[in-house]
Amino acid sequence: MLSRIALQIALVVVIAFSHGAATAARLNVVTTTEDLAAIAREVGGDLVEVTPLARGYQDPHFVDAKPSYLVRLSKADLFILVGRELEVAWAPALVNNARNARILPGSRGYVDVSKGIEMLEVPDVVTRAAGDIHPYGNPHFWLDPSNGARIAETLRDAFSDARPAMRDTFAARSADFKARLEARQREWESRAGAMGLRGLPVVSYHRSWPYFARAFGLEVIDFVEPKPGVPPTAKHIQELEARMKERSVRLLMVEPYFDAKLPQKVARETGAALVVLPPSVGAEPEIRTYFDLFDRQLALLEEAIGKKGGS
Amino acid sequence: MRSNPIRAGRHHGVRRVIPRAAAAFLAALALAHGVPEAVAQQPTDAPAAPASGPVRGNPLNPDISVVGWIQYSTEHESEEAWAPAEVREMELGLQSAVDPYSRADIFIAFSSAEGADVEEAYLTFLALPNGFLARLGKHRSLVTRFNRVHPPETAFATRPLVSETFFGEEGLAVVGASLSRLIPNPWDIYVNLDLEVSDAPDESGVFLPADREDLLYGGRLNAFVDLSESVNLALGGALYTGPFGFDATAEEARRSWVSAADVTLRWKDPRRAIDRSFLWTTEALRASIDPEDAAAVGAEEDRPVGFFTHTEYQFARRWRLGGRYDWTEIPEGAEAHEAGALGYLTFTPSEFSLVSLQGDTRRDAAGEWDDRLFLKVTFNMGPHGAHPF
């Protein structure tokens, strides 16, 4: 009996220690967004423990720098951010108060995935008179699937630096992700062409979609916001509606975190279809992976165009 | 008149320095810790250098920002001198990483009434060994949540009575050092302990300089918990002690003990974070001050208390409605007390400016009422700073 108890205790101890060792070996990764978390899981697999801060249904510009995030950041091996000032209103305050030298700017654990990305909409003149602009270019670049592959390569390198022994595993997973993404991208592009997205004039609420538009051929002709971060005025809405009618705009795309009342009115006035388009993984419960994001976006656009086509 | 601790300190010749041993110790700790995985790819918080686009000035210059506060006021039944329109404050901020171990934050306040004043100037060691964070220099004391907020960035045109009465018209700013650490706990919730040592402030209702050795010591424990995705609760408590002038009879420094408690409840649906939010916060303070002549018959400690409670509802993207109620006893005021209330409607044209119409009524210790209206206008220039939380 005693030997059986001793065996059970020994088993518990072994499991506890082996679990501890496995946990210690896993990279503790905190990402600012769920998109980065999804790609990090693709590249890192079981070797990383990934925690996103902002949810996919949140406006990533307006996330509260809650102290509860500091607890997660204080233990992080890597802090991964979109960069280009997307998170400028909340991430620096968190990193500077996390008491974690591994993730301070300038350290290996501070991973800005915008490196190596070809930026769109880099302003020639930087002034707040142009609204809440991003001086280093539009940061919504994860919405082009080809940038997803580049982000994965950045994460592969960051994970490999942190866990050199796992370099080959991260490289293999990143290559596999890239191959799957390229295959799916061809499908998505074909689907976008079939539904008539190429050259389709659309209007969006915020300037979230230039990379998505470039990937799938949409032409974003105007915005509900007169300037980035500035709520629309009645005059701007009048001008927008006139322009939408003039260009026969059939789609009005709104991010889920904006109040849809005004876009609904604009859509009614102009005859465009309003589509609430998820801009991130996690924006809807069924969007769990980076692949799900584009599947869902194209399905929603297809549905909206189909409705307008049938009406 | 607004207090000006630095100038007042020089005037009285009470210029003190941060204990040099403490500064040297903290610097040594940081150096011993080594360069944090010394890669130094990005010496500041700036993003990766863009492939193309604007590059202006020296990229190693600190971030420069200005917060402006212009205020218009009207009043009734008051003989107090009060400018109907004034530049309440223009706050110049200079912020940058200093090296891989630390960053510096300097805020200089300019006002039409007071001229220039160093509001804060401190060096922060961001990641000392064992999870410590240290701050050296002049900073707003951590004694309460409200006290940490720079005056232009509060929601109000006037400070809560308890803050004015206990800590002076600009709040409690001290020159010293603080040490901070997250406290591990089984629930993995945010619990933080701050310890602070500093000079005693020159102008405050509950602390007064005595002699060179009499410093202000304090600690603050605060916790934050997410009750749900949309609701969170912050709790804080602090205990500070410092000199309160001299007991002339005993020829020794009188001491004052100040305890503080605050609670803040927030609601903000992350799906509609830019359109709707609600905040309720309350802060209470209690002081215990040695009697002026402890040897006198019947001498008792003075124990003033005070509090304010504030609520704010954001009912549209650009609009907020708020109110505050104040009540406080006056230190050494023989149980006299003041009360007041303030209400406001704030319009924010953008993230970088606001216009707030505010009404304030106060009853002073003599029972006289004073009503005022304010138009508070603030604006931010420079790099995008952190959203207040």
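**The interface of chains A and B, and helix H8(A)**

Chain A and chain B bury about 4,800 Å² between them, 55% of it on carbon and sulfur atoms (buried area being the accessible area, with a 1.4 Å probe, that two parts lose on being put together, summed over both). Tyr57(A), Phe62(A) and Arg99(A) supply 16% of the area that chain A buries against chain B, more than any other three residues. This is a predicted model, in which local features need pLDDT of at least 70 and side-chain atom pairs count only at pLDDT 80 or more, while totals for chains, interfaces and linings use all residues. Residues are numbered from 1 along each chain as its sequence is written, chains are lettered from A in the order in which they are written, and side-chain values use heavy atoms, with hydrogens and water left out.

Four salt bridges are found across the interface of chain A and chain B (a side-chain nitrogen of Lys or Arg within 4 Å of a carboxyl oxygen of Asp or Glu). Lys66(A) forms a salt bridge with Asp226(B), with the closest N and O atoms 2.9 Å apart. On the side of chain A that touches chain B, the largest share, five residues, comes from H3(A).

Attention now turns to a helix of chain A. The buried residues of H8(A) (under 20% relative accessible area, 1.4 Å probe, protein chains only) are His236(A), Ile237(A), Leu240(A), Glu241(A) and Met244(A). Seen down the axis of H8(A), these fall within an arc of 135 degrees, so they line one face of the helix. The face turned away from the buried side carries Lys235(A), Gln238(A) and Glu246(A), which are exposed (over 50% relative accessible area).

Notes
Helices (H or I, at least four residues) and strands (E, at least two) are DSSP runs, numbered from the N terminus. The arc is that of the directions from the helix axis to the C-beta atoms.
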